[in-house]
Amino acid sequence: MELIQKIHRNSLILLFPLAAASAFIEWRQLPLSILMGGVLGILNIRALAWGVQGVLGSQKSSTKMLFFSQFRLVMLFLILAALVYLKVVNIFGILAGLTVVFSMVVIEGLRHAKKSGKDQGD
């Protein structure tokens with residue numbers, strides 16, 4: 001869970017300045033869209049971690065994992081579709097926010113793997 005918290009913290013550290021800087025661009029709702037995309041990305045990562053922890057001790061883990069993954073994907077799609085349909089957010093801002101979180105997942109994952117490799121003597 002420490003890795004998820006690092007991703008959460010670092011994503012928020014990047015999202016707020018990015019949203020503030022995007023306020024100077026003439027696109028409507030871009031700052032809100034970036035923040036919403038980031039929040040949805042963070043919630044998706046947290047749900048993924050929660051789902052993996054929930055099925056680790058289960059014998060039918062593959063079925064549960066498939067269900068949770070599909071449910072999470074459908075819910076994310078429905079939320080994004082509703083926000084775009086209601087014109088609450090800008091699709092490019094949502095993508096920017098999701099990209100920030102995805103980048104933090106990759107960066108923190110690489111840092112964690114590098115640290116784990118050093119701890120094991122590789």
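**Two salt bridges, a shared core and a nonpolar patch**

Lys6 and Glu2 sit four residues apart in helix α1, so about one helical turn separates them. In this predicted model, the two residues form a salt bridge, with their closest N and O atoms 3.6 Å apart. Lys6 has a relative accessible area of 27%, which makes it partly exposed. The count of salt bridges comes to two, and the other partner pair is found in helix α4. There, Glu108 forms a salt bridge with Arg111, the closest N and O atoms being 2.9 Å apart. Glu108 and Arg111 are three residues apart in the helix, so they too are separated by about one helical turn. Glu108 counts as buried because its relative accessibility is 4%, whereas Arg111, at 51%, is exposed. A general rule helps in reading such spacings: an α-helix has 3.6 residues a turn, so residues three or four places apart point the same way.

Stepping back to the whole chain, the secondary structure consists of four helices and zero strands. The C-alpha trace spans about 50 × 35 × 15 Å along its principal axes. Of the 122 residues in the chain, 27% are buried.

Helix α1 is a good place to see how a helix can have two sides. This helix covers residues 2-22, and its 21 residues should span 30 Å at 1.5 Å a residue; the end C-alpha atoms are indeed 30 Å apart, which agrees. Ile4, Ile7, Asn10, Ser11, Leu15, Ala19 and Ser22 are the buried residues of α1. Viewed down the helix axis, they fall within an arc of 160°, so they line one face of α1. Glu2 and Ile13, on the other side of the helix, are exposed.

Some of these buried residues reappear in the largest nonpolar core, which has ten residues: Ile4, Leu15, Ala19, Leu30, Ile34, Ile42, Ile45, Ala49, Val100 and Val101. Helices α1, α2 (30-55) and α4 (91-119) each give two or more residues to this core, and the largest share, five residues, comes from α2. In soluble globular proteins, nonpolar side chains tend to be buried together.

Nonpolar side chains are also found on the surface. Phe67, Phe71, Val74, Met75, Phe77, Leu78 and Ile79 form a nonpolar patch there, with about 700 Å² of accessible area together. Leu78, one of these residues, lies in helix α3, which covers residues 61-85. Its relative accessibility is 48%, so Leu78 counts as partly exposed.

Notes:
Residues are numbered from 1 along each chain as its sequence is written. This is a predicted model: local features need pLDDT of at least 70, side-chain atom pairs count only at pLDDT 80 or more; totals for chains, interfaces and linings use all residues. Side-chain values use heavy atoms; hydrogens and water are left out. Patches are made of residues with over 30% relative accessible area and no salt bridge: like charges are joined within 9 Å, nonpolar side chains (Val, Leu, Ile, Met, Phe, Trp, Tyr) within 5 Å. Accessible areas come from the Shrake-Rupley method with a 1.4 Å probe; for residues, only the protein chains shown count as cover. A salt bridge is a side-chain nitrogen of Lys or Arg within 4 Å of a carboxyl oxygen of Asp or Glu. Buried means under 20% relative accessible area, exposed over 50%, partly exposed in between (1.4 Å probe, protein chains only). The expected span of a helix is 1.5 Å times one less than its number of residues. The arc is that of the directions from the helix axis to the C-beta atoms. A nonpolar core is a set of buried Ala, Val, Leu, Ile, Met, Phe, Trp, Tyr and Cys residues joined through side-chain atoms within 4.5 Å.
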